[in-house]
Amino acid sequence: MNLLLLGPQGSGKGTQAKRLAEEYGLAHVATGDILRQEIEEGTEFGKQVGPILASGGLVPDDQMIELIRERLQQDDAQNGFVLDGFPRTQAQADALDRMLQEIERPLTVVFALDISDESSKERLLKRAHEEGRDDDTSEVIDRRLRTYHEQTEPLIEHYRTRGNLVTIHADRPIDTVFAEIQKALDHVEART
């Protein structure tokens, strides 16, 4: 089972992806976490992308696709994966589709986590305070939400036309959202 979670920052993608990975034995491929780890470890790649992320920008597509391709080749990803935080643009979605086709790992379901900007911002500011994340300032959050609406939100239609999109109302408690995701996955498994 190969899953993708779409949604603005603060919609609960990471939280739900972790639960899905644990519940279904899938690899959690969180591009944001991978990038932060590269920066923290001071790798050459981390040094390149650190300033980009600090300003709220996006890492070049070809670099992200290679990062994901490498991650999907690891042992824990052989039973399936949950992709969290990528793609964010139409070009990335197209490149991801091509790469997944090349390695014969198509997406089973794409979940669109729907949440208001107000709730998203509230969650992100709370997370920034709790986790001491300096990349979640009010200005950066506003910029990321604008970028999401301009560049990522159109991907919902991209995946809807492929027939594997499920919209989840993410403005609710974590367990309620997870239960709805599981219900959708039960329907998918019943069809296959």
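**Exercise 1. Work out how the radius of gyration of the protein relates to that of a compact globule with 192 residues.**

Solution. The model is a predicted one, and the first step is to take the expected value, which for a compact globule of 192 residues is a radius of gyration near 16 Å. The second step is to set the value of the protein beside this expectation: the protein has 16 Å, which agrees. As a third step, the extent along the principal axes can be added, since the C-alpha atoms of the protein fill a box of roughly 45 × 35 × 30 Å. Turning to the interior, buried residues make up 46% of the 192 residues, and of the contacts with a separation of 6 or more, 74% are accounted for by residues 24 or more positions apart. The surface completes the description, with about 10000 Å² exposed by the protein and 47% of that area supplied by carbon and sulfur atoms.

**Exercise 2. State how many helices and strands the protein has, and in what order the elements run.**

Solution. Counting by type gives nine helices and five strands. Reading from the N terminus on, the order of the elements is β-α-β-α-α-α-β-α-β-α-α-α-β-α.

**Exercise 3. Describe how helix H4 packs against helix H5, and say which residues make the contact.**

Solution. Two packed helices are described by the angle between their axes and by the distance between the axes. For H4 (residues 61-72) and H5 (residues 90-102), the angle is about 35 degrees and the axes are 10 Å apart, while the crossing in which H4 passes H5 is right-handed. The next step is to list the participants: H4 contributes Asp61, Ile65, Ile68, Arg69 and Leu72, and H5 contributes Ala91, Gln92, Ala95, Leu96, Met99, Leu100 and Glu102. Sorted by character, the residues of this contact divide into eight nonpolar, one polar and three charged.

**Exercise 4. Carry out the corresponding description for helix H2 and helix H3.**

Solution. Helix H2 (residues 31-40) and helix H3 (residues 44-54) pack at an angle of about 115 degrees, and their axes are 8 Å apart. The handedness comes next, and for H2 and H3 the crossing is left-handed. On the H2 side the contact is made by Leu35, Glu38 and Ile39, and on the H3 side by Phe45, Gly46, Val49, Gly50 and Leu53. These residues divide into five nonpolar, two polar and one charged.

**Exercise 5. Decide whether asparagine 2, proline 8 and arginine 71 are buried or exposed, and place each residue in the fold.**

Solution. The cut-off needed here is that a residue counts as buried under 20% relative accessible area. Asparagine 2, which is found in strand E1 (residues 2-6), has a relative accessible area of 9% and is therefore buried. Leaving out residues up to four places away in sequence, asparagine 2 touches Gly80, Phe81, Arg105, Pro106, Leu107, Thr108 and Val109.

Proline 8 lies in the loop between E1 and helix H1 (13-24), and with a relative accessible area of 2% proline 8 is buried. Apart from its neighbours within four places in sequence, proline 8 is in contact with Lys13, Leu113, Ile115, Ser120, Leu145 and Tyr148.

Arginine 71 has its place in helix H4, and at a relative accessible area of 13% arginine 71 is buried as well. Setting aside residues up to four places away in sequence, arginine 71 touches Ala27, His28, Val29, Ile34, Asp76 and Ala77.

**Exercise 6. Classify arginine 146 and glutamate 104 by their accessibility.**

Solution. Exposed means over 50% relative accessible area, and partly exposed covers the range between that value and the limit for buried residues. Arginine 146, found in helix H7 (residues 138-152), has a relative accessible area of 48% and so is partly exposed. Its C-alpha atom is separated by 9.5 Å from that of aspartate 117, 29 residues apart along the chain. Glutamate 104 lies in the loop between H5 and strand E4 (109-114), and at 66% relative accessibility glutamate 104 counts as exposed. The backbone of glutamate 104 deserves a further step, with phi near 55 degrees, a positive value in a residue other than glycine.

**Exercise 7. Identify which residues the cis peptide bond with omega of about 5 degrees joins.**

Solution. The bond joins phenylalanine 86 and proline 87, and proline 87 has its place in the loop between strand E3 (81-84) and H5.

Key: Residues numbered from 1 in each chain as written. Predicted model: local features only at pLDDT ≥ 70, side-chain atom pairs only at ≥ 80, totals over all residues. Heavy atoms only, no water. Axes fitted to C-alpha atoms, helices over the stretch in contact; angles between N-to-C directions. Helix = DSSP H or I, 4+ residues; strand = E, 2+ residues; numbered from the N terminus. Left-handed = near helix turned anticlockwise from the far one by under 90°. Contact = heavy atoms within 4.5 Å. Nonpolar A, V, L, I, M, F, W, Y, C, P; charged D, E, K, R; others polar. Buried < 20%, exposed > 50% of the residue type's maximum accessible area, 1.4 Å probe, protein only. Rg over C-alpha atoms; globule rule 2.2 N^0.38 Å. Areas by Shrake-Rupley, 256 points an atom, 1.4 Å probe, with all protein chains shown as cover.
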